[in-house]
Amino acid sequence: MSLQMITVSNNIGLIQPGFSLMNFDGQVFFFGQKGWPKRSCPTGVFHFDVKHNHLKLKPAVFSKDSCYLPPLRYPATCTFKSSLESEKQQYIIHGGKTPNNELSDKIYVMSVVCKNNKKVTFCCTEKDLVGDIPEARYGHTIDVVYSRGKSMGVVFGGRSYIPPAQRTTEKWNSVADCLPHIFLVDFEFGCSTSYILPELQDGLSFHVSIARNDTIYILGGHSLANNIRPANLYRITVDLPLGSPAVNCTVLPGGISVSSAILTQTSSDEFVIVGGYQLENQKRMVCNVISLEGNKIEIREMETPDWTPDIKHSKIWFGSNMGNGAVFLGIPGDNKQAASETFYFYMLKCAEDEVNEEQKTFTNSQTSTEDPGDSTPFEDSEEFCFSAEANNFDGDDEFDTYNEDDEEDESVTGYWITCCSTCDVDINTWVPFYSTELNKPAMIYCSHGDGHWVHAQCMDLAERTLIQLSEGSSKYYCNEHVKIARALQTPKRAVPLKKPPLKSLHKKGSGRVLTPAKKSFLRRLFD
């Protein structure tokens, strides 16, 4: 194994945690930067050109009949061939986070339609599904199995936002483990079916999956509900007869505790696991070799590379599989220096010889790293997600140069919205105001019209009031709509007062005599 530092000549700010790499016939392409892409590259896909330890990003070209592909982070990706003998390779992309921190439930199919010495032209199509459609998620895996001359996609794990009915103001954007269901997706007919297997009890995310023929191995992962990284090892077999598919799961011994690891293939039956975390605040510096032979799997430790001091002392790391036994790694830069880079990057080569096309067929596994925005203080804290302006694209390319006006303003997306005319919450200057805030401003949902989110601080809410509203189910109206809401409310119906006739106020024999002044007062009172 060899470790080399990589310098990035342009657009280094595009490379953020959660990106994916796709290898088409030896050419690597970058996908999924954090933030909306430039207009010169509307899909956020770039040629990932590494030569002599120097990286250059060039915007990719898409055909006119391609659909829009958002720059998704932490999606599930895998290679796909209609059959084992097919030469045409495609990539399947499912789920992931959009730059607005919304989750996607769509499936995209990417293929190469034209290739020459200067550029590669892609075609991207969206696949519509019917049946048991997997909910929007991220941090999951999608693999392709082949059985009896047929192929099927397998979706498992991941995280999703909690249902709207369970959201409160304090945790309106919280995530939870997806149910441990297995989804079989027929890419030809667009059908999806879910399966419940008794061996899979807990939802997992950021695990490793390896697909070979009709079998998938699921290794490690993080259970958000229990906050553990169990040493799981599951073998899932899928039989595709003429009738209904048969899905079986077997629990195997010898698993390892790891999440957010990167998997790369070094030979036809060997894979290497790099990186990841063994605890919420401890990186896993050990590398493992996975050997497949028949229906057996063997996991053993291997000699680790000579990690640099920066990598050893870094709290987080992230990366993706480049194919051909190579892994691209990133760590945060040193914030103490004013001219520091946002991230430093390395390339780890686990195999010296290139892997041919037949060997790359089964490299279908998760290549994302765990989201620095969700669960744990180190690997999942957005304090390590830095924003940076992208440099100009090189002028020698056949694309428009980067114009700052082309950028979407991220200050009006997600949490960073203008919630009212006097909103002054700024991503660059915001500091915690309530004790319940960790790394994002607290928000409250206004029920006016179709509803919208506003910042609790802009609404001048006391923390006690904020907590009370978050725990209850009563409707809330922001400062701009509270008067409108009150005007629409129907006044409570008052019981009319009975007006007794004046002559009944003085009955004969009652012994009471009303003076003219008392009679006049009573008339004014009841009139």
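These legends accompany close-up views of a predicted model.

**Figure 1. The whole protein chain is rich in strands, with 32 of them beside 4 helices.**
The chain holds 527 residues, and buried ones make up 52% of them. About 26,300 Å² is exposed. Carbon and sulfur atoms supply 49% of that area. Contacts were also sorted by sequence separation. Of those with a separation of 6 or more, 59% join residues 24 or more positions apart.

**Figure 2. Strands E18, E19, E20 and E21 form an open antiparallel sheet.**
The strand order is E18-E19-E20-E21. E18 (208-212) and E21 stand at the edges. Each has a single partner strand, so one side of each is left without a neighbour in the sheet. From one strand to the next, the twist averages 20 degrees. In a regular strand, side chains alternate between the two faces of the sheet.

**Figure 3. At one edge of this sheet, E18 pairs with E19.**
E19 covers residues 215-219. The two strands run antiparallel and share 5 bridges. One bridge sets serine 209 against isoleucine 218 in E19.

**Figure 4. E20 and E21 form a hairpin.**
E20 takes in residues 233-239, and E21 residues 246-251. Their pairing is antiparallel over 6 bridges. How many residues lie between the two strands? There are 6 residues between them. Aspartate 239 has alanine 246 of E21 as its bridge partner.

**Figure 5. A second hairpin view shows E22 and E23, with 2 residues between them.**
E22 spans residues 262-267 and is mostly covered. Of its 6 residues, 5 are buried. E23 spans residues 270-274. E22 and E23 run antiparallel, joined by 5 bridges. Threonine 264 stands opposite valine 272 in E23.

**Figure 6. Cys446, His452, Cys478 and His481 carry the UniProt annotation "binding site".**
The annotation comes from an unreviewed UniProt entry. Are the four residues gathered or scattered? They span 36 residues in sequence, yet no two of their C-alpha atoms are more than 10.9 Å apart, so they gather at one spot. The next two views take Cys478 and His481 in turn.

**Figure 7. Cysteine 478 sits in the loop between helices H2 and H3.**
H2 covers 463-471 and H3 covers 482-488. Is cysteine 478 buried or exposed? The relative accessible area of cysteine 478 is 2%, so this residue counts as buried. Residues up to four places away in sequence are set aside for the contact list. Cysteine 478 then touches Cys446, His452, Val454 and Met459. Cys446 and His452 also belong to the annotated set in the UniProt entry.

**Figure 8. Histidine 481 is found in the loop between H2 and H3.**
The relative accessibility of histidine 481 is 17%. The cut-off for buried is under 20%, so histidine 481 counts as buried. Which residues does histidine 481 contact, leaving aside neighbours within four places in sequence? They are Cys446, His448 and His452. Cys446 and His452 are again among the residues under the UniProt annotation.

**Figure 9. Phenylalanine 30 and phenylalanine 48 form a stacked aromatic pair.**
The count of aromatic pairs comes to 22. In this one, the rings lie 6.3 Å centre to centre, with 15 degrees between the planes. Planes under 30 degrees apart count as stacked, so the label follows from the angle. Phenylalanine 30 lies in strand E3 (residues 27-31). Phenylalanine 48 lies in strand E4 (residues 45-51). The pair therefore ties together parts that are 18 residues apart in sequence. Phenylalanine 30 is buried at 0% relative accessibility. Phenylalanine 48 is buried at 3%.

**Figure 10. Tyrosine 138 and phenylalanine 206 form an edge-to-face pair.**
Their ring centres are 6.0 Å apart. The planes meet at 70 degrees, so the pair is edge-to-face. Tyrosine 138 lies in the loop between strand E11 (130-131) and strand E12 (141-147). Phenylalanine 206 lies in the loop between strand E17 (191-196) and E18. The pair thus ties together parts that are 68 residues apart in sequence. Tyrosine 138 and phenylalanine 206 are both buried.

**Figure 11. Phenylalanines from several parts of the sequence form one aromatic cluster.**
The members are Phe19, Phe30, Phe46, Phe48, Phe318, Phe328, Phe343 and Phe345. Phe30 and Phe48, the stacked pair, are among them.

How values were computed
Residues are numbered from 1 along each chain as its sequence is written. This is a predicted model: local features need pLDDT of at least 70, side-chain atom pairs count only at pLDDT 80 or more; totals for chains, interfaces and linings use all residues. Side-chain values use heavy atoms; hydrogens and water are left out. Two strands pair if DSSP finds at least two bridges between them. Axes are lines fitted to C-alpha atoms, for helices over the stretch in contact, and angles run from 0 to 180 degrees between N-to-C directions. UniProt positions are given in the numbering used here, feature names are shortened, and annotations may be inferred rather than shown by experiment. Buried means under 20% relative accessible area, exposed over 50%, partly exposed in between (1.4 Å probe, protein chains only). Contact means heavy atoms within 4.5 Å. Accessible areas come from the Shrake-Rupley method with a 1.4 Å probe; for residues, only the protein chains shown count as cover. Rings of Phe, Tyr and Trp (its six-membered ring) pair if their centres lie within 6.5 Å; planes under 30 degrees apart count as stacked, over 60 as edge-to-face and the rest as tilted.
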